[in-house]
Structure formats: structure tokens, C-alpha cells
Amino acid sequence: MEERNCNETGGTCIVCSQQKELGIRIFQSFLCTECEREIVQTDAQDEKYPYYIDRMKQIWMSAIS
Ligand SMILES: [Zn+2]
């Protein structure tokens with residue numbers, strides 16, 4: 001009985017640029033669980049919001065190029 005970790009090896013987060021074990025892989029980019037949560041909880045009025053959107057945009061741009 002082999003248990004497989006669906007998060008595999010983790011990676012370098014595209015938002016906080018830190019090496020993290022847990023997170024999601026979006027195409028070639030990696031987003032850590034903390035930043036993912038942060039993005040979800042960030043209000044559109046928050047000054048950090050455009051930054052997150054920008055980072056997310058870069059993920060999509062690299063995915064389609
Ligand atoms: Zn992160």
C-alpha cells in the first residue's frame with residue numbers, strides 16, 4: 001500500500017519567491033498554499049491585490065506562450 005503525496009516535491013513560489021513544500025502547480029509555475037490563501041482572502045480594495053493579480057497574470061502568460 002503506497003501512499004502518494006499529491007503535492008509532490010513543491011517548488012519556488014511565484015508570489016513570495018520562497019522554496020515551499022506545499023502548494024499548487026499551475027503549468028510550470030508554483031504557488032504555495034500560504035500565498036494561495038492570501039490571494040483568496042485579499043480584498044479587491046487591498047493595495048496588495050494588484051500585485052497578486054499581476055503575479056497570477058504572469059503564470060497565465062507563461063502558460064500560453
Ligand atoms: Zn508563496
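This section describes the zinc site, the strands and selected residues of a predicted model. Residues are numbered from 1 along each chain as its sequence is written. Local features need pLDDT of at least 70 and side-chain atom pairs count only at pLDDT 80 or more, while totals for chains, interfaces and linings use all residues; side-chain values rest on heavy atoms, with hydrogens and water left out.

The secondary structure of the protein comprises 2 helices and 4 strands. Helices (H or I, at least four residues) and strands (E, at least two) are DSSP runs, numbered from the N terminus. Along the sequence the elements follow the pattern β-β-β-β-α-α. The protein has 65 residues, of which 29% count as buried. Buried means under 20% relative accessible area, exposed over 50%, and partly exposed in between (1.4 Å probe, protein chains only). Among contacts with a separation of 6 or more, 23% come from residues 24 or more positions apart. Contact here means heavy atoms within 4.5 Å.

The zinc ion is coordinated by the SG atoms of C13, C16, C32 and C35, at 2.3 Å. Donors are N, O and S atoms within 2.8 Å of the metal (3.2 Å for Na, K and Ca); water is not among the atoms, so sites may look incomplete. The site of the zinc ion is tetrahedral, with angles of 102 to 118 degrees among its 4 donor atoms. Four donors count as tetrahedral if all angles lie between 85 and 135 degrees; four count as square planar and six as octahedral if opposite donors are over 155 degrees apart and all others between 65 and 115; anything else is irregular. The ideal angle for four tetrahedral donors is 109.5 degrees. In sequence, the donor residues follow the spacing C-x2-C-x15-C-x2-C. Within this set, C16 and C35 link distant parts of the chain, 19 residues apart. C16 lies in the loop between β1 (11-12) and β2 (19-20), whereas C35 belongs to helix α1 (residues 33-41).

Accessibility was computed for each donor residue. C32 counts as buried because its relative accessibility is 0%. C13 is buried at 3%, and C35 is buried at 8%. C16 is partly exposed, at 26% relative accessibility. The structure holds 0 disulfides (a disulfide is a pair of cysteine sulfur atoms within 2.5 Å).

Strand β3 (residues 23-26) pairs with β4 in the antiparallel sense over 4 bridges. Two strands pair if DSSP finds at least two bridges between them. G23 stands opposite C32 in β4. The two strands form a hairpin with 2 residues between them. F27, in the turn, has a positive phi of about 55 degrees. In a regular strand the side chains alternate between the two faces of the sheet. In strand β4 (residues 29-32), S29 and L31 point one way and F30 and C32 the other way. All four of these residues are buried.

K20 is placed in strand β2. K20 is buried because its relative accessible area is 17%. Its side chain makes a polar contact with the side chain of E34 (3.0 Å). A polar contact is a pair of N or O atoms within 3.5 Å; within protein, one must be able to donate a hydrogen and the other to accept it, and residues adjacent in sequence count only if both atoms are side-chain atoms. Leaving aside neighbours within four places in sequence, K20 is in contact with T9, G10, G11, F30, C32 and E34. C32 is thus named both as a contact of K20 and as a zinc donor residue.

Two loop residues were also examined. E21 lies in the loop between β2 and β3. E21 is exposed, at 58% relative accessibility. The C-alpha atoms of E21 and T33 are separated by 9.0 Å, with their positions 12 residues apart along the chain. S17 is found in the loop between β1 and β2. S17 has a positive phi of about 60 degrees although it is not a glycine. At 51% relative accessibility, S17 counts as exposed.

Y51 is located in helix α2 (residues 49-64). Y51 is partly exposed, with a relative accessibility of 42%. A polar atom of the Y51 side chain lies 3.0 Å from the backbone oxygen of V15. Y51 and I39 are 12 residues apart in sequence. Their C-alpha atoms are 9.8 Å apart in space.
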